[in-house]
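Me: I've got a model open and want to check how its labels are earned. Can you take me through some of them, cut-offs included?

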Amino acid sequence: FEDGYWGAKNNEGKTIVKATFTYGYGFNEGVGCFATKTKKLYFYNTAGKVVSSEYVSPVEGNGAFRIQNGITLVSDGKKNMIMKSSGALLDTPDDYEVIGCSDGMVLLQKNGLMGFLNQNGEWAVDPVYSSASYYSEGLSVVADNGCFVVDRNGNVVIPKGFDFVSDFSDGSCLLYSAKNGWYIAQKKFVK
């Protein structure tokens with residue numbers, strides 16, 4: 001940070017990204033993200049080479065500004081897309097809307113149904129759910145006539161029967177059933 005602008009230096013103190021950016025989001029997995037006042041995104045590798053400068057900040061959606069599990073959320077100004085750490089776009093089905101990404105999983109929606117691609121662009125969780133949360137600690141809360149939890153392969157790890165399930169945080173989540181009240185589930189016991 002110099003004179004009100006963001007840039008980056010390596011561990012030896014050598015400038016690898018000149019301090020010319022309005023926003024700086026740091027480096028993760030060897031790629032750093034910086035943005036201009038107009039929200040144009042620039043991604044640099046740790047050698048200071050531009051990986052991508054084609055995209056802008058998404059208007060909404062989770063997973064932007066940092067590479068996580070090899071991917072990040074970007075936009076072309078009209079729709080959200082997923083960029084790989086190489087700067088290439090992840091292939092996503094054209095007829096689906098990219099909602100966001102987390103934990104290496106891409107949340108997509110079509111006709112009110114949601115599902116997930118993995119970071120390789122393969123369907124990991126079929127788009128059959130009326131709602132889905134972003135992945136947290138390898139698990140997502142999904143809904144289809146009740147809330148339940150699925151793992152990164154779509155396997156049900158907490159069964160249907162709840163009116164509310166929180167995201168996992170520090171290995172636990174809250175479960176609520178109008179019929180039976182509140183419960184706490186610990187990830188180490190979820191199978």
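Me: What makes C173 a cysteine without a disulfide?
Reply: The closest cysteine sulfur to that of C173 is in C147, 11 Å away. A disulfide is a pair of cysteine sulfur atoms within 2.5 Å, so 11 Å is too far for a bond. From the C147 side, the closest cysteine sulfur is the one in C173, again at 11 Å. The structure holds zero disulfides.

Me: What am I working with here, by the way?
Reply: It's a predicted model, where local features need pLDDT of at least 70, side-chain atom pairs count only at pLDDT 80 or more, and totals for chains, interfaces and linings use all residues. Residues are numbered from 1 along each chain as its sequence is written, and side-chain values use heavy atoms, with hydrogens and water left out.

Me: Why are C147 and C173 called buried?
Reply: Buried means under 20% relative accessible area, exposed means over 50%, and partly exposed is in between (1.4 Å probe, protein chains only). C173 has 3% and C147 has 14%, so both get the label buried.

Me: And why is L174 called partly exposed?
Reply: Its relative accessible area is 38%, so L174 falls in the in-between class. L174 is found in strand β18, residues 172-177; strands here are DSSP runs (E, at least two residues), numbered from the N terminus.

Me: What makes L174 eligible for a nonpolar patch?
Reply: Patch residues need over 30% relative accessible area and no salt bridge (a side-chain nitrogen of Lys or Arg within 4 Å of a carboxyl oxygen of Asp or Glu). Nonpolar side chains (Val, Leu, Ile, Met, Phe, Trp, Tyr) are joined within 5 Å, like charges within 9 Å. L174, at 38%, therefore clears the area cut-off. Together with F164, W182 and I184, L174 makes a patch of about 440 Å².

Me: How do you know that β15 and β16 pair?
Reply: Two strands pair if DSSP finds at least two bridges between them. β15 (147-151) and β16 (156-162) have three, in the antiparallel sense, so they qualify. V150 has V156 as its bridge partner in β16. This hairpin has four residues between the strands, and G154 takes a positive phi near 85 degrees.

Me: What makes β10 and β11 a pair?
Reply: Six bridges join β10 (105-110) to β11 (113-118), so the pair passes the cut-off. They run antiparallel, and L107 stands opposite F116 in β11.

Me: Why are β9 and β12 called edge strands?
Reply: The open sheet has the order β9-β10-β11-β12, with antiparallel pairing. β9 (97-102) and β12 (123-129) each pair on one side only.

Conventions: Accessible areas come from the Shrake-Rupley method with a 1.4 Å probe; for residues, only the protein chains shown count as cover.
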